Amino acid sequence: MMDLETISAHLEIQQTIARYCRGVDRGDAELIKSVYHPDGIQEAGPMFNGLGIAFADFLVTELDKSSAICNHFATNIYIELDGDMARVESYFFAVNSLAEPEGAVDVAVARHLDRFECRDGVWKIAHSRIVLDWSHSAVLPVDTWEPHRLFPNGDKREKDPSHNHFLRK
């Protein structure tokens, strides 16, 4: 049975993972930076190895160059707490809709192996390593579902409908 402190830690860690996904998908480097401790490390295969806060800028720049829109879904999140440290494995399903050629998508299933630490009462990533389980790129038929055109489209930063939704007024 989990006590209130354990439940709170689990929820804070899960919310941090959700902030990471939102930051990547909305192209918000500051939001991505908010999930790392200042000395937190990100290992992203041959693509990047270094401080998490530097990874945020790198990732947003790369996605701005190549991707029309991203959707990251954190699914299974396994957490083992050990005092003010937690080992976390998060499964991710990512779909990147590319601007060129029309209909191009990259799909990946990956896991983040994270060490979270609670410092000054805040859970953040101290070390993260991305493990890619599989990926596939394809060009799909252009969307022909007519009602799709009636919905607002997702985008990055201020262009996304959620931007104003979360503004504090």
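Does Arg119 count as buried, partly exposed or exposed, and at what relative accessibility? Arg119 counts as partly exposed, at 29% relative accessibility. The structure is a predicted model, and this briefing covers its strand pairing, salt bridges, aromatic contacts and one surface patch. The search for aromatic pairs returns five across the whole structure, and the salt bridges number 11.

**Strand pairing and hairpins**

- Strand β1 (residues 36–44) and strand β2 (residues 48–51) run antiparallel and are joined by four bridges. Within this pairing, Gln42 stands opposite Gly50 of β2.
- The hairpin of β1 and β2 has three residues between the strands, and Gly45 there takes a positive phi near 55°.
- Strands β4 and β5 are antiparallel as well, with 13 bridges joining them. Met85 is placed opposite Glu117 of β5.
- Five residues lie between β4 and β5 in their hairpin, and Gly103 in the turn has a positive phi of about 90°.
- On the other side of the pairing list, β5 is joined to strand β6 (residues 122–139) by 16 bridges, again in antiparallel orientation. Here Asp114 stands opposite Ser128 of β6.
- The hairpin formed by β5 and β6 has two residues between its strands, and Asp120 in the turn has a positive phi of about 50°.
- Strand β5 (residues 104–119) is largely enclosed by the rest of the structure, because 12 of its 16 residues are buried.

**Salt bridges between distant parts of the chain**

- Arg26 and Asp160 meet through their side chains in a salt bridge, with an N to O distance of 3.4 Å. This pair links distant parts of the chain, 134 residues apart: Arg26 belongs to helix α1, and Asp160 to the loop between β6 and α4 (161–165).
- Both partners of that bridge are buried: Arg26 has a relative accessible area of 14%, and Asp160 has a relative accessibility of 7%.
- A salt bridge also forms between Arg157 and Asp64, whose closest N and O atoms are 2.7 Å apart. Arg157 lies in the loop between β6 and α4 and Asp64 in helix α3 (residues 52–66), so the pair ties together parts that are 93 residues apart in sequence.
- In this second bridge, Arg157 counts as partly exposed at 31% relative accessibility, and Asp64 counts as partly exposed at 36%.

**The salt-bridge network at Glu117**

- Arg119 and Glu117 form a salt bridge in which the closest N and O atoms are 2.7 Å apart.
- The two partners fall into separate accessibility classes: Arg119 is partly exposed at 29%, whereas Glu117 is buried at 18%. The assignment of Glu117 follows because buried means under 20% relative accessible area.
- This bridge belongs to a network of salt bridges that links Asp39, Arg115, Glu117 and Arg119.
- Glu117 therefore has a place in two descriptions of the model, as the residue opposite Met85 in the strand pairing and as a member of the salt-bridge network, while its own relative accessibility of 18% makes it buried.

**Aromatic contacts**

- Tyr20 and Phe92 form one of the five aromatic pairs, with an edge-to-face arrangement, 6.2 Å between centres and 75° between the planes. The pair links distant parts of the chain, as Tyr20 sits in helix α1 (residues 4–26) and Phe92 in strand β4 (residues 85–98), 72 residues apart.
- Both rings belong to buried residues: Tyr20 has a relative accessibility of 7%, and Phe92 has a relative accessible area of 5%.
- Phe48, Phe55 and Phe58 are linked into a cluster by ring pairs.
- Arg111 is positioned over the face of Tyr91, at 5.9 Å from the ring centre.

**Nonpolar surface patch**

- Met2, Leu4, Ile7 and Leu11 make up a nonpolar patch on the surface, and together they have about 420 Å² of accessible area.
- Within the patch, Leu11 is part of helix α1. Leu11 is exposed, with a relative accessible area of 52%.

Notes:
Residues are numbered from 1 along each chain as its sequence is written. This is a predicted model: local features need pLDDT of at least 70, side-chain atom pairs count only at pLDDT 80 or more; totals for chains, interfaces and linings use all residues. Side-chain values use heavy atoms; hydrogens and water are left out. Rings of Phe, Tyr and Trp (its six-membered ring) pair if their centres lie within 6.5 Å; planes under 30 degrees apart count as stacked, over 60 as edge-to-face and the rest as tilted. Buried means under 20% relative accessible area, exposed over 50%, partly exposed in between (1.4 Å probe, protein chains only). A charge sits over a ring if NZ of Lys or CZ of Arg is within 6 Å of the ring centre and within 35 degrees of the ring normal. Two strands pair if DSSP finds at least two bridges between them. Patches are made of residues with over 30% relative accessible area and no salt bridge: like charges are joined within 9 Å, nonpolar side chains (Val, Leu, Ile, Met, Phe, Trp, Tyr) within 5 Å. Accessible areas come from the Shrake-Rupley method with a 1.4 Å probe; for residues, only the protein chains shown count as cover. A salt bridge is a side-chain nitrogen of Lys or Arg within 4 Å of a carboxyl oxygen of Asp or Glu.
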